[in-house]
Amino acid sequence: MTPDALWRGFHPFGELTGSDALAEKFWTPLRLSLTQMQRRQDVFFAGRNEMDGFTGTWVVSMGHLMGLFDRPWLGIAPTGKMTFLRYCEFNKVENGRIVETAMYFDIPHLMMQAGLNPFPPQTAAHLVQPGPLTHDGLLYDDAPEAEGQATLAAINAMIGDLGTWQSGLSIEDELTQTWHDDMIWWGPAGIGATYTIERYAKQHSGPFRASFTDRSKTKHICRMAEGHYGGFFGWPNFTARPTGGFMGMPATDKAGEFRVIDIYRREGDKLVENWIFIDLLHFWKQQGVDILGRMAEVPRT
């Protein structure tokens, strides 16, 4: 890392500058808590960033940090058992060094493994999420450029379809344009994972759209692809105002930020798998609900 490298992480970490601050505030406490830690990587690719005219080079890593949960982390009581922290990171590289990072991780997922219930029952499935069905997500060699272009085109088409919320299309018909029927949406803890267009529309997309209004335009810092894999992140990606109940919680009518990483796998000309990281702790804190603070008062449910 360069001395002034910018690191962005989910709540409660936010933005950190330089390796010393990152080591002190994130990595050292995490490594002391999750002993014998392994990085169990499922997706690894690199490419040029569409958002800056394909000039910047970014490297993506996604998977789990697994260890024995032996000491408290963020006030979460340890279990002494195996624990998986879902993560995905985008690293911008210049002259052989990292100058900028977005590292997003699913803290509520770890809480649920530790026996806590940070949210009401979720609409989709809770599980430790596997990597790609095809087991080909580690791109240590360069993939054909045309494959990455096709993946980026599929992602951009899907992003364009997000603007059809107010159109006459049903959610299922809209999704069918850019997604395979047997798509898998590996969502964050609190929402869950769901399989097939029909169940995704029922278990996430439909409830989400019914819960929010005034969704802002999408803003990404990096969007890229290599081979059959691609993704993006923003800080935030968009804002929206909850006017209906969301995740079993009442509406606040207060706009909130969604900090998101999405990773995709393409088959043919459509998307078939999607791993999603959403900073739900940050979103709910903006709505007046401090999930970590509440847990400190009632550490076990």
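Contact here means heavy atoms within 4.5 Å. With that in hand, let's work through some exercises on this predicted model.

**Exercise 1. Find what covers the buried residues of α5, and locate the kink in this helix.**

Step 1. Helix α5 spans residues 197–211.

Step 2. Take under 20% relative accessible area as buried. In α5, the residues that meet this are I197, Y200, A201, H204, S205, G206, F208, R209 and S211.

Step 3. Next, look at the surroundings. The cover over the buried residues of α5 includes α4 (171–176), β7 (179–186) and β8 (193–195), along with β9, β12 and β13.

Step 4. Finally, follow the helix axis. A kink of about 40° lies at S205, shortly before the proline P207. S205 is also one of the buried residues of α5.

**Exercise 2. Work out the strand order of the open sheet of three strands, and name its edges.**

Step 1. The order is β9-β12-β13, and the pairing is antiparallel.

Step 2. β9 (212–213) and β13 (256–258) each pair on one side only, which makes them the edge strands.

Step 3. Zoom in on one pairing. β9 meets β12 (residues 238–242) over two bridges in the antiparallel sense. There, F212 has P242 of β12 as its bridge partner.

Step 4. Check the loop between β12 and β13, where D253 lies. D253 is not a glycine, yet its phi is positive, about 65°. Its relative accessible area is 47%, so D253 counts as partly exposed.

**Exercise 3. Trace the two strand partners of β1 through W7.**

Step 1. Strand β1 (residues 6–9) runs parallel to β6 (residues 97–105), and four bridges join them. W7 is bridged to T101 in β6.

Step 2. β1 also pairs with β2 (residues 14–17), this time antiparallel, through four bridges. Here the partner of W7 is L16.

Step 3. β1 and β2 make a hairpin, with four residues between them. P12 sits in that loop, and the peptide bond from H11 to P12 is cis, with omega about 15°.

Step 4. For comparison, visit the loop between β11 and β12, which holds P236. W235 and P236 are joined by a cis peptide bond with omega about 0°. As background, most residues other than glycine have a negative phi, and most peptide bonds are trans.

Step 5. One more backbone check takes us to the loop between β5 (82–94) and β6, the place of N95. N95 has a positive phi of about 55° although it is not a glycine. The cut-off for exposed is over 50%, so N95 counts as exposed at 82% relative accessibility.

**Exercise 4. Decide whether β10 is enclosed or open, and describe its hairpin.**

Step 1. Five of the five residues of β10 are buried, so this strand is largely enclosed by the rest of the structure.

Step 2. Separate the two faces. C222, M224 and E226 are buried on one side, while R223 and A225 are buried on the other.

Step 3. Now pair the strand. Five bridges link β10 to β11 (residues 229–233) in an antiparallel arrangement, and E226 is bridged to Y229.

Step 4. The hairpin of β10 and β11 has two residues between the strands, and G227 takes a positive phi near 60° there.

**Exercise 5. Characterise the largest pocket by its volume and lining.**

Step 1. The idea behind the search is simple: rolling a probe the size of a water molecule over the atoms shows where empty space is left.

Step 2. The largest pocket holds about 330 Å³ of space.

Step 3. Its lining has 15 residues, and R48, E145, G148, Q149 and A225 lie nearest the centre.

Step 4. Assign the lining to elements. β3 (34–48), α3 (145–161) and β10 (222–226) each give two or more residues, and α3 gives the most, with four.

Step 5. Sort by chemistry: the lining divides into seven nonpolar, four polar and four charged residues.

**Exercise 6. Describe the surroundings of Q41.**

Step 1. Q41 is in strand β3 and counts as partly exposed, at 22% relative accessibility.

Step 2. Leaving out residues up to four places away in sequence, Q41 touches S61, M62, G63, Y87, L138 and Y140.

Step 3. As a distance check, the C-alpha atoms of Q41 and P3 are separated by 26 Å, with the two residues 38 apart along the chain.

Note on methods
Residues are numbered from 1 along each chain as its sequence is written. This is a predicted model: local features need pLDDT of at least 70, side-chain atom pairs count only at pLDDT 80 or more; totals for chains, interfaces and linings use all residues. Side-chain values use heavy atoms; hydrogens and water are left out. Two strands pair if DSSP finds at least two bridges between them. On a 1 Å grid over the protein atoms alone, a cavity is a set of points where a 1.4 Å probe fits but cannot get out, and a pocket is an open set with protein on both sides within 12 Å along at least five of seven lines; lining residues have an atom within 4 Å of a point. Grid points are joined across faces, edges and corners, and a volume is the space filled by probe spheres set on the points. Ala, Val, Leu, Ile, Met, Phe, Trp, Tyr, Cys and Pro count as nonpolar, Asp, Glu, Lys and Arg as charged, and the others, Gly among them, as polar. The bend at a residue is the angle between axes fitted to the seven residues ending there and the seven starting there. Buried means under 20% relative accessible area, exposed over 50%, partly exposed in between (1.4 Å probe, protein chains only).
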